[in-house]
Amino acid sequence: MKHALTAAIAAALALGGTALAQDKKCALPYDIFEASVPHTDLEECPAKLKAKGRFCRLAVVAEVATVFIFDEESGCLVQSLSFEEDQFKITLQ
């Protein structure tokens with residue numbers, strides 16, 4: 001099921017081809033991610049991923065949760081980290 005998330009990101013990159021051509025330094029701009037990848041906004045990044053000037057989004061596909069970390073200033077994807085089902089716990093409030 002990891003392939004489903006990879007396919008979603010690949011589709012986002014394909015859809016954002018024009019934006020990418022304008023700014024080759026930004027592999028995945030947030031506006032393309034926002035429109036293309038089903039996700040949940042996180043109030044704050046998980047503790048080990050926190051950094052000033054960053055915001056996080058969470059996508060869960062099957063039993064894999066991926067946290068996407070974006071730079072607040074540029075809106076570019078900085079990093080992503082995937083966790084298998086035995087590595088995370090989701091709490092609803």
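**View 1. Ala-62, at 45% relative accessibility, counts as partly exposed.** The cut-offs are under 20% relative accessible area for buried, over 50% for exposed, and partly exposed in between (1.4 Å probe, protein chains only). Ala-62 sits in the loop between β2 and β3. Its phi is near 55°, a positive value in a residue other than glycine. Most residues other than glycine have a negative phi. The two strands form a hairpin, with two residues between them. Strands (E, at least two residues) are DSSP runs, numbered from the N terminus. This is a predicted model: local features need pLDDT of at least 70, side-chain atom pairs count only at pLDDT 80 or more, and totals for chains, interfaces and linings use all residues. Residues are numbered from 1 along each chain as its sequence is written, and side-chain values use heavy atoms, with hydrogens and water left out.

**View 2. Four strands make an open sheet in the order β1-β2-β3-β4.** The pairing is antiparallel. Two strands pair if DSSP finds at least two bridges between them. Strands of a sheet pair through backbone hydrogen bonds. Which strands lie at the edges? They are β1 (40-41) and β4 (77-84), each of which pairs on one side only. Two bridges join β1 to β2. Eight bridges join β2 to β3. Seven link β3 (residues 64-71) to β4. Val-64 stands opposite Glu-84 in β4. Strand β2 is mostly covered, with six of its eight residues buried.

**View 3. Arg-57 of β2 has bridge partners in β1 and in β3.** In the backbone pairing, Asp-41 is matched with Arg-57. Arg-57 is matched in turn with Phe-68 in β3. The side chains of Asp-41 and Arg-57 also meet, in a salt bridge of 2.9 Å, N to O. A salt bridge here is a side-chain nitrogen of Lys or Arg within 4 Å of a carboxyl oxygen of Asp or Glu. The pair links distant parts of the chain, 16 residues apart: Asp-41 in strand β1 and Arg-57 in strand β2. Are the two residues buried or exposed? Arg-57 is buried, at 12% relative accessible area. Asp-41 is partly exposed, at 45%.

**View 4. Two further salt bridges involve Lys-50 with Glu-44 and Arg-54 with Asp-71.** By the rule used here, the count comes to three. Side chains of opposite charge can pair when their charged atoms come close. Lys-50 and Glu-44 meet at 3.0 Å, N to O. Lys-50 counts as partly exposed, at 48% relative accessibility. Glu-44 counts as exposed, at 54%. Arg-54 and Asp-71 meet at 3.9 Å, N to O. This pair also links distant parts of the chain: Arg-54 is in strand β2, Asp-71 in strand β3, 17 residues apart. Arg-54 is partly exposed, at 30% relative accessibility.

**View 5. Thr-66 makes a side-chain polar contact with Ser-82.** The distance is 2.9 Å. A polar contact is a pair of N or O atoms within 3.5 Å; within protein, one must be able to donate a hydrogen and the other to accept it, and residues adjacent in sequence count only if both atoms are side-chain atoms. Thr-66 belongs to strand β3. At 3% relative accessibility, Thr-66 counts as buried.

**View 6. The largest pocket has a volume of about 610 Å³.** On a 1 Å grid over the protein atoms alone, a pocket is an open set of points where a 1.4 Å probe fits, with protein on both sides within 12 Å along at least five of seven lines; lining residues have an atom within 4 Å of a point. Grid points are joined across faces, edges and corners, and the volume is the space filled by probe spheres set on them. The lining holds 19 residues, and the closest to the pocket centre are Leu-42, Leu-58, Lys-89, Ile-90 and Thr-91. Which elements give two or more residues to the lining? They are β1, β2 (54-61) and β3. The lining divides into 11 nonpolar, four polar and four charged residues. Ala, Val, Leu, Ile, Met, Phe, Trp, Tyr, Cys and Pro count as nonpolar, Asp, Glu, Lys and Arg as charged, and the others, Gly among them, as polar.

**View 7. Ile-90 is found in the segment after β4.** Ile-90 is partly exposed, with a relative accessible area of 48%. Ile-90 and Ala-65 are 25 residues apart in sequence. In space, their C-alpha atoms are 9.6 Å apart. Ile-90 is also among the lining residues closest to the centre of the largest pocket.
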